[in-house]
Protein chains: 2
Amino acid sequence: MSLPHALLGLLAVQPRSGYELTKEFEAGDLGRYAWQAGHTSIYPELNRMAGDGLVEVVQEGARGRRTYAVTPAGRSELRSWLLEPPSDTGRVRDVQVLRMFLLSALDPADAVVVLRRIAAATAAEAAELRRIRAENGPPVGIGPAGFGLLAAEFGLRQYEAVNGWALWAIEQLEPAEQPVG
Amino acid sequence: MSLPHALLGLLAVQPRSGYELTKEFEAGDLGRYAWQAGHTSIYPELNRMAGDGLVEVVQEGARGRRTYAVTPAGRSELRSWLLEPPSDTGRVRDVQVLRMFLLSALDPADAVVVLRRIAAATAAEAAELRRIRAENGPPVGIGPAGFGLLAAEFGLRQYEAVNGWALWAIEQLEPAEQPVG
DNA sequence: GAGCGCATGTAATATGTTACATGATTCA
DNA sequence: TGAATCATGTAACATATTACATGCGCTC
């Protein structure tokens, strides 16, 4: 269960309310590439973590808004979780990757259709990330400002890799698709 | 919920028992990179799918062993699931990727420790996959024999991408780690 | 003052994991 | 005949998703 660590990580960047954390999971890079959660998981978890002393309410605003920040205990917990050996119970579960693996079960013609879609989608995503990177200029430092640079670069390389794989796979399959040259 | 589709995909390659499917998820490429499940999920799901006519028992062996195969209805279901537009409810949840995103929350020195570990691990995995690919020779065709080739290539490119990213990230962080050149 | 978005929560349902449980078969 | 592995299952628990629910505050 990594939700508390994801929350600690986001709060370590800057204090936030449950509502803002929810938005971050919905729209941010972390929610897109790494971990997802809805508000119905986040609110109870924040209360639990506050009870455990990992986070604390640092501000109360309008409409019952409570801004949380990481406590020293929370920071320590996050650090040891990140530094501890992978101890991997690693349950991978990625629908997109599953689809890619199962392509072999399709006729080559069908598989190529899907692969072309993957190639187009990943190329578009990669182009978008390249545009964002160019706009922001070369990275001059990575700090508590956010995951932006590391995340963007990671996403870019990931998309490029999948794109290259899809193009390669299409080449492998096309001879079978068009045996009559 | 993609477990039934993962099962359909594995059974489309060849009929198998619940026990064998469990082993495949434990040790196979699909279980490693794409989707995981334990026997306590698999057995009830197979029974449900048999009730729905997606799979059928084609053989009964010793110790109550039941070998399942995909029915035409199951094949049709798998195909339309693979061809349908991504309709992305895509709930990404990858602990390793989460760790990578949260690195920014660490001191640069700590982050570099973790990144070096990632770089070493991904380099080793990539080397292993390259070795396997070299042993099996160039791919001459992809058929119902399995996910082997597509999977190995996908894994290799994935590991190379993460490796490249980790090395890049180390370079970004090291000036901060050693400000006194 | 009406509507929208902010902000938090509970309850019911689905799903997945861990622990528990059973019995058959093979091999030493 | 004893141990290991095959082979399947149920029950209890933890977790996640969906639906339901409430009320404040801002803006038009």
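For helices, I take an axis to be a line fitted to the C-alpha atoms over the stretch in contact, with angles running from 0 to 180 degrees between N-to-C directions. I keep in mind that this is a predicted model.

**Entry: two helices of chain B**

I looked up how helix α2 (residues 18–27) and helix α4 (residues 39–51) of chain B pack, and found an angle of about 140° with the axes 9 Å apart. α2(B) and α4(B) are therefore oblique to each other. I noted a right-handed crossing where α2(B) passes α4(B).

Next I listed who meets whom. From α2(B) come G18(B), Y19(B), L21(B), T22(B) and F25(B), and they meet H39(B), I42(B), Y43(B) and L46(B) of α4(B). I sorted these contact residues into 6 nonpolar, 3 polar and no charged.

**Entry: around DNA strand D**

I then turned to DNA strand D and found 17 residues surrounding it, the closest being R63(A), Y19(B), Y43(B), R65(B) and R66(B). Which helix gives the largest share of this surface? I found that it is α4(B), with 4 residues. At least two residues each come from α4 (39–51) of chain A and from α2 and α4 of chain B. By type, I get 4 nonpolar, 8 polar and 5 charged residues on this surface.

On the DNA side, I see that 65% of the strand D atoms within 4 Å of the protein belong to sugar or phosphate, and the rest to bases.

**Entry: polar atoms at the strand**

I checked three side chains here. Y43(B) has a side-chain N or O atom 2.7 Å from a phosphate oxygen of strand D. For R93(B), a polar side-chain atom lies 3.1 Å from a phosphate oxygen of strand D. R63(A) places a polar side-chain atom 3.3 Å from a sugar or linking oxygen of strand D.

Technical notes:
Residues numbered from 1 in each chain as written. Chains lettered and ligands numbered in written order. Predicted model: local features only at pLDDT ≥ 70, side-chain atom pairs only at ≥ 80, totals over all residues. Heavy atoms only, no water. Parallel < 35°, antiparallel > 145°, perpendicular 65-115°, else oblique. Left-handed = near helix turned anticlockwise from the far one by under 90°. Contact = heavy atoms within 4.5 Å. Nonpolar A, V, L, I, M, F, W, Y, C, P; charged D, E, K, R; others polar. Near = heavy atom within 4 Å. Polar contact = N/O pair within 3.5 Å; in protein donor to acceptor, adjacent residues only side chain to side chain.
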